[in-house]
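Take a look at the model below. Then we'll walk through it with a few questions.

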Amino acid sequence: MKRVVTNLCLGLVVLGLTASDLFAGSFSFQGTFSQDDDVQLFNFSVGALSTVTLRTYSYAGGTQADGTVVSAGGFDPILALFDSAGNLIDDNDDGSFPDVGIDPTTLNDYDTYLETSLAAGNYTVAVSQYDNFFNGGIGDHISNGFVLEGNPTFTGDFFGTPGDMFIDAGGNQRTNAWAFDVLNVDDAVTPPVGAVPEPSTFALLGIGGLALVGYGVRRRRQQAA
């Protein structure tokens with residue numbers, strides 16, 4: 001038995017893997033928004049220093065880590081990543097091909113993609129619809145909310161016919177569907193809709209690798225300079 005463990009450890013070294021890499025998992029979520037200013041939170045945990053990938057399949061579709069095939073046509077998402085205290089770490093408006101797909105109708109690559117190295121701990125990522133960005137400023141704390149909260153039809157008001165929802169920046173009608181992967185983490189869940197995470201919330205996250213399917217996320221794309 002000791003020989004097997006030793007060989008396993010040697011194999012990890014040769015492959016450049018860590019114990020965290022070996023036991024980390026991939027978590028796939030799908031759902032829909034009810035209105036433009038919805039925001040979906042995801043809580044996840046990592047047990048050791050890890051390269052974590054956050055990716056949407058809302059706009060161009062594709063095949064998620066769990067094998068779910070997502071149709072193209074969803075809204076244009078954005079994401080914001082926060083630490084266990086709710087402080088902003090990073091955000092992403094648009095990824096780029098081939099990290100994200102190209103929508104067959106608009107030929108745009110508007111899905112999000114964020115790959116970052118994270119220390120052991122608990123984190124929250126928020127997905128919203130463009131251009132309902134995280135409301136930064138003093139403290140850059142998640143409790144600051146998002147800039148278009150309270151405007152359930154902002155995409156129609158900005159990009160299409162007032163009152164319409166799920167219109168992209170090019171004026172194209174999209175669906176309310178989203179899909180999101182959290183890769184190379186120990187655990188990932190969706191907290192109750194409308195919940196604002198506090199440090200105590202993260203204590204409830206175990207390190208187990210149970211995949212839970214959540215509903216209600218959204219993202220936004222940054223405007224071109």
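Here come some questions and answers on the sheet and the nonpolar cores.

Q: What kind of model is this, and how are residues numbered?
A: It's a predicted model, where local features need pLDDT of at least 70, side-chain atom pairs count only at pLDDT 80 or more, and totals for chains, interfaces and linings use all residues. Side-chain values use heavy atoms, without hydrogens and water, and residues are numbered from 1 along each chain as its sequence is written.

Q: Which are the edge strands of the open sheet?
A: Strands here are DSSP runs (E, at least two residues), numbered from the N terminus, and two of them pair if DSSP finds at least two bridges between them. The open sheet runs β1-β10-β3-β8, with antiparallel pairing. Pairing on one side only makes these the edges: β1 (25–32) and β8 (113–118).

Q: Which residue in β10 stands opposite Gln30?
A: β1 and β10 (residues 177–185) run antiparallel, joined by 8 bridges. Across from Gln30 you'll find Ala179.

Q: Which element gives the most residues to the largest nonpolar core?
A: A nonpolar core is a set of buried (under 20% relative accessible area, 1.4 Å probe, protein chains only) Ala, Val, Leu, Ile, Met, Phe, Trp, Tyr and Cys residues joined through side-chain atoms within 4.5 Å. The largest has 22 residues, and Phe180 and Val182 are among those touching the most other members. With 4 residues, the top giver is β10.

Q: How many residues does the other core have?
A: This core lies apart from the largest one, and its members include Leu41, Ala80, Phe82 and Phe134. Its residue count is 7.

Key:
Buried means under 20% relative accessible area, exposed over 50%, partly exposed in between (1.4 Å probe, protein chains only).
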